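Trainee: I would like to go through the terms used for this model. Where should we begin?

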Amino acid sequence: MRVLFLVHDYPPMGGGGVQRALHLVRSLSAAGHPVHVIAVDKNAGAMRDDSLLARHPAGVPITRYRLPSIGPLIDFFRRARLSRLPTLVLPVDLYLDASLFPGVTARAALDVARTFRPDVVVASGPPFGVFEAARQVAKRLGATLVFDMRDPWVEPLI
């Protein structure tokens, strides 16, 4: 079975959730399933762990995409002393940029799916936006949908 794997954080980002996603990809690949990872392209900063990226299976492609940020808009409102205004207008989410996440992630995954042709769409999260993106992609492709819900407590507002 061909697996399209959607995840927000992936090596070289470090951390427990990243390791879990990496090991799931490694296990699927080792079992002979073609896997393609879709992950956000972001600066890993202090969480960077290149040893994890070295453990990523050589034959498994990773497509990284940019997530648009509303950070500059939030900064503008802070400078104008209107910092509460965005919280009144924007969807409530612990990750402010996550309100944009599902649509952008789904588009990136569908671009890959045109040539990869997955049988299964797997999403590992939080953030929960990755689950919505995977749901949209699986529905559009008529593929099986699998959720790996790692730590749901990190987004208590949802």
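Mentor: With pairing: two strands pair if DSSP finds at least two bridges between them. The model is a predicted one, and in it five strands form an open sheet with parallel pairing, in the order β3-β2-β1-β4-β5.

Trainee: What makes β3 and β5 the edge strands?

Mentor: β3 (62-65) and β5 (144-149) each pair on one side only. From one strand to the next, the twist averages 20 degrees.

Trainee: How do you know that β2 and β3 pair?

Mentor: The cut-off is at least two bridges, and β2 (residues 35-40) shares four bridges with β3, in the parallel sense; therefore they count as paired. Val37, for instance, has Ile62 in β3 as its bridge partner.

Trainee: Which strands does helix α1 touch?

Mentor: Helix α1 (residues 16-30) packs on the sheet and touches β1 (3-7), β2, β4 (120-125) and β5. Its direction makes about 175 degrees with that of β1; angles over 145 count as roughly antiparallel, so α1 is roughly antiparallel to β1.

Trainee: Why are α5 and α6 called oblique to each other?

Mentor: Helix α5 (residues 101-116) and helix α6 (residues 129-141) pack at about 40 degrees, with axes 8 Å apart. Roughly parallel needs an angle under 35 degrees, and roughly perpendicular starts at 65; the pair is therefore oblique. The crossing is right-handed.

Trainee: What residues make the contact of α5 with α6, by class?

Mentor: Residues in α5 including Phe101, Leu110 and Ala113 meet residues in α6, among them Val130, Val137 and Arg140. By class, the contact has ten nonpolar, three polar and two charged residues.

Notes. Residues numbered from 1 in each chain as written. Predicted model: local features only at pLDDT ≥ 70, side-chain atom pairs only at ≥ 80, totals over all residues. Heavy atoms only, no water. Axes fitted to C-alpha atoms, helices over the stretch in contact; angles between N-to-C directions. Helix = DSSP H or I, 4+ residues; strand = E, 2+ residues; numbered from the N terminus. Parallel < 35°, antiparallel > 145°, perpendicular 65-115°, else oblique. Left-handed = near helix turned anticlockwise from the far one by under 90°. Contact = heavy atoms within 4.5 Å. Nonpolar A, V, L, I, M, F, W, Y, C, P; charged D, E, K, R; others polar.
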